Amino acid sequence: MNVSLSVWLLTVAALCLLVAVDFFVGRKPHDVSLKEAGTWTVVWVVLAVLFGAGIWYFGGSGPTGEFLAGYITEKSLSVDNLFVFVLIMAKFSVPSQYQQRVLMIGVLVALVLRAGFIAAGAAIISAFSWVFYLFGAFLIWTAWKLIQDARKQDHEEEYQENKLLKLAERRFGVADRYHGTKLFITENGKRIMTPMLVVMLAIGSTDVLFALDSIPAIYGLTQDPYIVFTANAFALMGLRQLYFLIGGLLKKLVHLSYGLSIILGFIGVKLVLHALHESGVHVPEISIPFSLTFIVLVLAVTTFTSLRVSKRQEAEEAAPRAAESR
């Protein structure tokens, strides 16, 4: 797509307006109900679909397929991120009424930082076409590592703070309790951070680490920076509501990591084939319609098998309790 500077500015302004509306609606700390989370999740999905329809109207079916494939991929990867967000909330004992504020700011920070990753990726790709080999190899390696982690990792493990977070805590100090939604307080004449700010930094910095595989993944589906940015934006901006909507369902998605590893591996192979094609080697290229169908099919099968296994496990766990009660 040939996107002008004015369209870029208009898009960023519209996204900022949506963020402002979202912030205004959820500005008061409160426990998010399933109804509220479900309503806003539908709103963000509908907005993404409408944006895709706008791309189809102005750019045709090709860019639309790229946007939808990128959006679905980023959305599915972000769901896996929610596992870590749950651990972070538990690690810092975030009161339920403050969790929506933490996620709102944390996701906003992640979106700004991801924009930098996207710009850097576009500049590297335009200057070095061989980078597709690196992206492809990295995604294939990530897919393999994800499978290995899924076999041994327990999502109930404790969240470990990264070095950046520890550095900030040592530099500013941290209060021993929450002070509403305040980010800094003055204690004994010294300005220190509150746990609220620490959690926001944890959410934002953790999402940047996830971007290391999600950004190469979406560049495997499209090389258009505009589509990459907007797909990431819509996937992230509905993440807060999705956290509250499927928070209890996360533990049941036992096969999600396997599904994501298949998707990342598939996109990695697609990138390598694209790089070989760009180098003059006659190899088949994977089309966007096929990619979109494959991604949706993998996610559908993964969700179905996960819920089926979880239901069987719950039945097996309930059987001994039922026998004891008799």
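A residue is partly exposed when its relative accessible area lies between the buried range, under 20%, and the exposed range, over 50%. Tryptophan 130 comes to 46% relative accessibility, so this residue counts as partly exposed. The model is predicted. Its protein chain has 326 residues, and buried residues make up 47% of them.

**Fold**
- The protein chain holds eleven helices and two strands.
- Along the sequence, the elements run α-α-α-α-α-α-β-β-α-α-α-α-α.

**Cavities**
- The count is three cavities of 30 Å³ or more.
- The largest cavity encloses about 120 Å³ of space.
- Helix H1 (5-25), helix H4 (96-127) and helix H8 (225-237) are the elements that each give two or more residues to the lining of this largest cavity.
- H4 contributes the most to that lining, with five residues.
- The full lining consists of Val19, Asp22, Trp44, Leu103, Met104, Val107, Leu108, Leu111, Leu236, Met237 and Arg240.
- By class, the lining of the largest cavity has nine nonpolar residues, no polar ones and two charged ones.
- Asp and Arg count as charged, so Asp22 and Arg240 are the charged pair in this lining.

**Surface patch**
- Ile124, Phe128, Trp130, Tyr133 and Leu134 make a nonpolar surface patch of about 480 Å².
- Tryptophan 130, one of the patch residues, sits in the loop between H4 and helix H5 (131-152).
- Patch residues need over 30% relative accessible area; tryptophan 130 has 46% relative accessibility.

Key: Residues are numbered from 1 along each chain as its sequence is written. This is a predicted model: local features need pLDDT of at least 70, side-chain atom pairs count only at pLDDT 80 or more; totals for chains, interfaces and linings use all residues. Side-chain values use heavy atoms; hydrogens and water are left out. On a 1 Å grid over the protein atoms alone, a cavity is a set of points where a 1.4 Å probe fits but cannot get out, and a pocket is an open set with protein on both sides within 12 Å along at least five of seven lines; lining residues have an atom within 4 Å of a point. Grid points are joined across faces, edges and corners, and a volume is the space filled by probe spheres set on the points. Helices (H or I, at least four residues) and strands (E, at least two) are DSSP runs, numbered from the N terminus. Patches are made of residues with over 30% relative accessible area and no salt bridge: like charges are joined within 9 Å, nonpolar side chains (Val, Leu, Ile, Met, Phe, Trp, Tyr) within 5 Å. Accessible areas come from the Shrake-Rupley method with a 1.4 Å probe; for residues, only the protein chains shown count as cover. A salt bridge is a side-chain nitrogen of Lys or Arg within 4 Å of a carboxyl oxygen of Asp or Glu. Buried means under 20% relative accessible area, exposed over 50%, partly exposed in between (1.4 Å probe, protein chains only).
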